[in-house]
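Student: Hi! Could you walk me through this model before I head back to the bench?

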Amino acid sequence: MLRTDLNEALSRVGRGTPMGELFRRFWLPAVLTSEIAEPDCPPVRLRILGEDLVAFRDTRGRVGIVAAYCSHRLAPLFFGRNEDCGLRCAYHGWKFDVEGNCLETPNVPVGAPDIRKNVGITAYSVHETAGVVWIYMGPKELQPPFPHLEYTDVPDDHVFAARWLQRTNWSQGLEGEIDSSHISWLHRDFDRENTKQKSAGAQMSEDAAPHIELRQTDYGLVYGARREFEGQYQWRVTQFILPMFSLIPRAPGDFVAGGGRAWVPIDDNHTTVFTFGYRVDQPIPQDELDSYYRSGALFPPRMERGRYTLPDGYAIDTWLPVANKENDYLLDREMQRTKNFTGIWGVHDQDRALAENSRSIGGADPGIIDRSAEHLVSSDRAVVAARRMLVNLTDALRKGTEPAIVANPEAFGVRAISRISPIASFDEFMAAYGAETQASGVHAPVPVE
Ligand code: FES
Ligand SMILES: [Fe+2]
């Protein structure tokens, strides 16, 4: 369980809240490059950390993420015209550039004082890489260097990105990622257990109560889950990178490909899930990309681009999963009886079904779970450690200590790996294979009590 006040501190993301301020020290994924691909494209509506924003690419190809409302009479800039190096409000024609400067106020009479320098709108710093435009929403003077996550450093054709809407608090998404024991249950697939060539999924199904080891690091947590498999062990090494990035290992083997997710708060009750897949050795082959599409990890047929109206009436442009709360995620009880554990197709939909329907604080505040009512067990240790780490960082920030990691962009360069090995001790395993988890920089993990 988590005390109610700490649950609040962990969950709320608005400006001035403990976690909201911590998020405002990091670069965050904001929108896919493909959504604002062309100069003068239609703007995209976003809400990030509770702030309403629009993203656009101007005539010269520069990207802006600016406040959603015009400074004149607060009309929505989404309905404006993206033309001639600026976004022009559809109401009276005021025009703003990617830095939020007001360029024109055409309804101000000739001869009246020039007010343009006083009516600029908020514009945040952006950085475009890995198929995503990233945003920094904190104090300008504290803007950190861009983090060297491995997938942000590979060439463009070595990485793909996708995003979709999850109707929960951000922390619930993250906690699902670093909870290795649910994989053996929620994502269990009966068919795989019968195949001769056992997949990584089947290996996990055989030993559903993994031995878990945790080490705190300068970037977050490294987390080893050991399962017995045919006289040896399968080690899955998962990474939690502050403040909400996760790297999940793929099938056992030499590291050439990885994937990760980022849980970006829309507001307290909604999250944008970003997923990244990448290869370090070569461009992603078309057949691999096709298999992502088929599996629903990318867009159609499992995802549609569309508009979602938040409970307070603000609309965002997002990717909407076809399987959703209103249709019980296309739950099929016959599939649940014969094919997989849930009767829901695909890991993302399985995760979302459980997360979006967990018991929340109350009807007016959906998506934040009541952590004071939990009964945690030892396999929840990574979740507990991540919460503690984040709460400690928010406390420190309130007392004036900035999170150290943001000043060290190399620290973000780690990997998740999976291996079959006879080694039983995590420390010995890391001594043997730890170098594979280092994409850049050197980290010294320390045990977590
Ligand atoms: S409200 Fe935008 S120009 Fe008037
Ligand atoms: Fe999951």
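Tutor: Happy to; here is a short tour of the metal site, a pocket and a few single residues.

Tutor: This is a predicted model, where local features need pLDDT of at least 70, side-chain atom pairs count only at pLDDT 80 or more, and totals for chains, interfaces and linings use all residues. Residues are numbered from 1 along each chain as its sequence is written, chains are lettered from A and ligands numbered from 1 in the order in which they are written, and side-chain values use heavy atoms, with hydrogens and water left out.

Student: Great. Which atoms coordinate the iron ion (ligand 2)?

Tutor: The iron ion (ligand 2) is held by NE2 of His-182, NE2 of His-187 and two entries for OD of Asp-351, at 2.1 to 2.5 Å. Donors here are N, O and S atoms within 2.8 Å of the metal (3.2 Å for Na, K and Ca); water is not among the atoms, so sites may look incomplete.

Student: And what spacing do those donors follow along the chain?

Tutor: The donors of the iron ion (ligand 2) follow H-x4-H-x163-D.

Student: Why is the arrangement around the iron ion (ligand 2) called irregular?

Tutor: Because the four donor atoms subtend angles of 55 to 153°. Four donors count as tetrahedral if all angles lie between 85 and 135 degrees; four count as square planar and six as octahedral if opposite donors are over 155 degrees apart and all others between 65 and 115; anything else is irregular.

Student: Is His-182 buried or exposed?

Tutor: His-182 counts as buried, at 16% relative accessibility, and His-187 is buried at 17%. Buried means under 20% relative accessible area, exposed over 50%, partly exposed in between (1.4 Å probe, protein chains only).

Student: New topic: where is Asn-7?

Tutor: Asn-7 sits in helix 1 (residues 4–11); helices (H or I, at least four residues) and strands (E, at least two) are DSSP runs, numbered from the N terminus. Asn-7 is buried, with a relative accessible area of 5%.

Student: What does Asn-7 touch?

Tutor: Leaving out residues up to four places away in sequence, Asn-7 touches Leu-2, Ile-361, Ile-368, Ile-369, Asp-370 and Arg-371. Contact means heavy atoms within 4.5 Å.

Student: Which residues does the cis peptide bond join?

Tutor: Leu-242 and Pro-243, with omega about -5°. Pro-243 lies in the loop between strand 14 (232–241) and strand 15 (245–247).

Student: Last one: what is phi of Leu-330?

Tutor: Near 55°, a positive value in a residue other than glycine. Leu-330 is partly exposed, with a relative accessible area of 41%.
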